[in-house]
Amino acid sequence: MILPKKLILNHHLCWLYLIIVGFLLTVGTLSWKFNMTVKAQDIDYQLLEQKASAEVDASGKTKLILQYKYDANYLPEVSYQIPTNSQKISFYRVGVLEEGATQPTYLSETSSGAAGSFQMKQEKDNAEIVISYPLANEKTTFIIEYELDQLVTNYQDIAYYNSSWIPQAVENGEIIKVQLILPGDLSDQSEFKMWVHGQEDKYIDTIVKDGKSISNIEVAYSQYGSKKIDLHALFPKSFTPHNEQVVEVERKEAIILHEQALSEQEKTDIQSKQNDIRNRMLAWVFIPILITIILYWVYYTKRQENPLDEGMSDLLSVKIPPEDISPAIVKSLVYQQSPDSNSLAACLLELGRKGYLKLMPVRMAKRSHSQTRSGYTIMVSQVEDAPPISLLQTHERHAYHLFTVEHKMSQTVEEMVFQLKQNKTYRKQKIIGWKKYVDAVELRSVHENFVPGRLKRWLVLTGSLWLFIALMIMIMMVVDVFKWDAMQHLGWSLLLSSLNIIAIVILIILISRQSFITDHQLEQRKKWTRFYQILQESNKYDLPAMGDVTQWDQNISYALALNATSTIQQRYTYQFDMEALESLSHSYNADLYRVHGSIADILQSSIRELVGLLDPKTKWMENLKEN
């Protein structure tokens with residue numbers, strides 16, 4: 001049963017927006033995946049291992065060896081950035097170690113970048129090496145060897161080593177191996193200190209072999225750290241007696257303090273980056289939630305409370321009917337609901353009251369033509385001496401033409417249902433007639449509902465747009481999580497973002513079901529809701545004390561439009577004489593009223609089945625409201 005106190009269930013626009021949003025997301029995702037697939041087909045490789053080794057000799061010269069091992073399906077060329085600490089590389093060469101080979105094959109340097117060669121370009125602070133050596137379905141190691149003369153400085157009390165390396169295509173958590181070889185015995189490590197900057201987690205192990213000290217460093221790469229790894233070390237200056245880089249000052253303690261300060265600053269920077277990503281996650285999550293809360297606040301400040309929530313103690317003081325409004329447009333004008341089968345049935349009953357049509361319950365010819373359970377249908381007959389049709393309101397004229405046929409004075413709703421199922425031309429004609437009726441009814445209420453209707457559309461559109469934006473924000477948040485390897489934030493952020501999406505969907509549904517009305521319309525709705533209460537509980541009242549037989553004939557049309565037909569017909573025929581209705585008015589509804597249950601069980605169900613064929617959406621909406 002449809003009650004006016006229920007909120008409007010008109011959210012088909014909402015679902016349209018949701019479908020559009022889902023379509024855009026699907027197309028965007030597929031496009032992204034397609035682009036990624038195309039790129040993967042062009043270049044496909046995996047960097048299996050990379051190592052850096054630096055060996056210092058007695059003259060302070062440093063020989064550096066970089067090794068990159070690839071498993072490539074297709075890799076045409078690679079390039080590497082090499083920090084030079086503002087020095088010129090004194091010697092360099094590039095080799096290729098094929099899988100299974102014991103010695104590398106060294107490539108020639110060219111300016112053209114021909115296949116099987118390399119190019120070197122030196123700038124102030126770094127050098128770039130481009131290796132043109134196409135790989136296809138093979139495992140190969142590229143080896144870069146070069147020398148720098150001024151990485152070691154001898155002070156009066158210590159020697160200081162300072163170099164840098166930029167790892168290639170490092171993934172978060174990957175172990176990077178660095179080796180430093182010094183020309184002396186560090187069995188006593190009191191004069192030896194090493195610092196690795198750029199990354200926080202590292203492991204250092206030093207061994208002595210063949211008179212040389214070999215320090216093996218393993219660094220767990222983190223995106224919170226720097227892309228460049230700096231290796232600094234203090235060792236006895238006796239290891240590099242022939243070094244020409246000499247500064248005649250004592251710097252050991254100052255260097256230690258400086259390195260410790262760098263380490264502390266590095267920890268602070270890494271912690272700051274971690275805080276930044278955490279704050280980014282908080283912003284991704286809570287700013288959308290805040291905006292959703294604001295939208296809820298706007299919704300609750302603009303919506304109207306249900307008039308039935310107020311007391312009904314003054315029912316008997318209600319004017320009957322509250323206003324002189326055609327019964328067929330009450331729900332559209334007062335309650336902002338689309339015309340439905342009850343609206344059309346009320347209009348049909350009004351045509352009987354005004355003397356244009358006569359409605360009579362008759363047995364069905366073939367029950368297989370209809371789904372109504374009563375076994376009865378309504379016969380609609382034209383009245384020969386009816387007033388001019390031009391006196392009818394527009395929606396009443398369309399309803400009249402919907403149920404009448406030229407050269408035929410009578411037809412049953414059962415026959416109309418049968419024709420709708422069998423005759424496409426007839427079906428198309430009647431659908432057009434129904435749409436004209438609906439348009440005419442809605443036209444009568446558009447001037448009243450324009451402002452609140454516009455507000456409702458604006459809120460639904462805003463909510464749908466915000467749903468799309470919130471989905472985009474959630475996707476960008478997830479991308480951010482993987483980009484910064486902040487998996488510890490993924491669970492709670494994804495949960496809260498998903499709850500926010502659900503809240504937005506609920507908000508859109510609430511808006512689409514809510515009535516937004518002016519103060520005048522609210523007062524109008526209260527009056528009609530009280531009138532509905534009287535119609536619904538008519539068995540409790542003395543109807544003649546509230547109006548004569550002709551007035552209550554019209555009130556039954558209102559009861560039908562408002563779906564308050566449970567007791568009104570029985571009470572009306574019990575308290576009024578139908579012969580008086582026939583003698584005092586032009587109404588042809590008396591015979592219809594005399595048949596018990598003809599309004600609720602026959603007329604309503606017959607028209608509902610008819611409208612369900614003309615407009616399946618209306619039937620679906622009515623069933624959903626009743627459930």
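Five cavities of 30 Å³ or more are present in the structure, a cavity being a set of points, on a 1 Å grid over the protein atoms alone, where a 1.4 Å probe fits but cannot get out. The largest of these cavities holds about 100 Å³ of space, where a volume is the space filled by probe spheres set on the grid points, which are joined across faces, edges and corners. This is a predicted model, in which local features need pLDDT of at least 70 and side-chain atom pairs count only at pLDDT 80 or more, while totals for chains, interfaces and linings use all residues. Residues are numbered from 1 along each chain as its sequence is written, and side-chain values use heavy atoms, with hydrogens and water left out.

The lining of the largest cavity consists of 14 residues, and Ala 52, Ser 163, Trp 165, Val 178 and Leu 231 are the ones nearest its centre; a lining residue has an atom within 4 Å of a point. Two or more lining residues come from each of strand S1 (44-56), strand S2 (62-74), strand S11 (159-165), strand S12 (175-182) and strand S16 (229-235), with S11 giving the most, four residues. Here strands (E, at least two residues) and helices (H or I, at least four) are DSSP runs numbered from the N terminus. By character, the lining of the largest cavity divides into nine nonpolar residues, four polar and one charged, where Ala, Val, Leu, Ile, Met, Phe, Trp, Tyr, Cys and Pro count as nonpolar, Asp, Glu, Lys and Arg as charged, and the others, Gly among them, as polar.

The open spaces can be read in the same terms. The second largest pocket has a volume of about 350 Å³, a pocket being an open set of points with protein on both sides within 12 Å along at least five of seven lines. It is lined by 18 residues, of which Thr 404, Val 405, Gln 411, Tyr 426 and Lys 430 are closest to its centre. Helix H5 (394-403), helix H6 (413-422) and H7 are the elements that give two or more residues to this lining, and H6 supplies the largest share, four residues. The lining of the second largest pocket divides into six nonpolar, eight polar and four charged residues.

H7 also leads to Trp 484, which is found in the loop between helix H7 (424-483) and helix H8 (490-513). Because its relative accessibility is 25%, Trp 484 counts as partly exposed, the class between buried (under 20% relative accessible area) and exposed (over 50%), computed with a 1.4 Å probe on protein chains only. Leaving aside residues up to four places away in sequence, Trp 484 touches Gln 223, Tyr 224, Ile 277 and Arg 280, a contact meaning heavy atoms within 4.5 Å. Tyr 224 lies 260 residues from Trp 484 in sequence, yet their C-alpha atoms are 7.6 Å apart.

Aromatic rings form 15 pairs in the structure; rings of Phe, Tyr and Trp (its six-membered ring) pair if their centres lie within 6.5 Å, and planes under 30 degrees apart count as stacked, over 60 as edge-to-face and the rest as tilted. Tyr 133 and Phe 142 make an edge-to-face pair, 6.1 Å centre to centre with 85° between the planes. Within it, Tyr 133 is partly exposed at 21% relative accessibility, whereas Phe 142 is buried at 1%. The pair of Trp 528 and Tyr 558 is tilted, because the ring centres are 5.3 Å apart and the planes stand at 55°. Since Trp 528 belongs to helix H9 (residues 519-536) and Tyr 558 to helix H10 (residues 549-561), this pair ties together parts that are 30 residues apart in sequence. Trp 528 is buried, with a relative accessible area of 0%, and Tyr 558 is buried at 0% relative accessibility.

The backbone deserves a look as well. Most residues other than glycine have a negative phi, and most peptide bonds are trans. A cis peptide bond, with omega about -15°, joins Ile 320 and Pro 321, and Pro 321 lies in the loop between helix H2 (252-302) and helix H3 (330-334). His 407, which is not a glycine, has a positive phi of about 60°; His 407 sits in the loop between H5 and strand S19 (410-412) and is exposed, with a relative accessible area of 84%.
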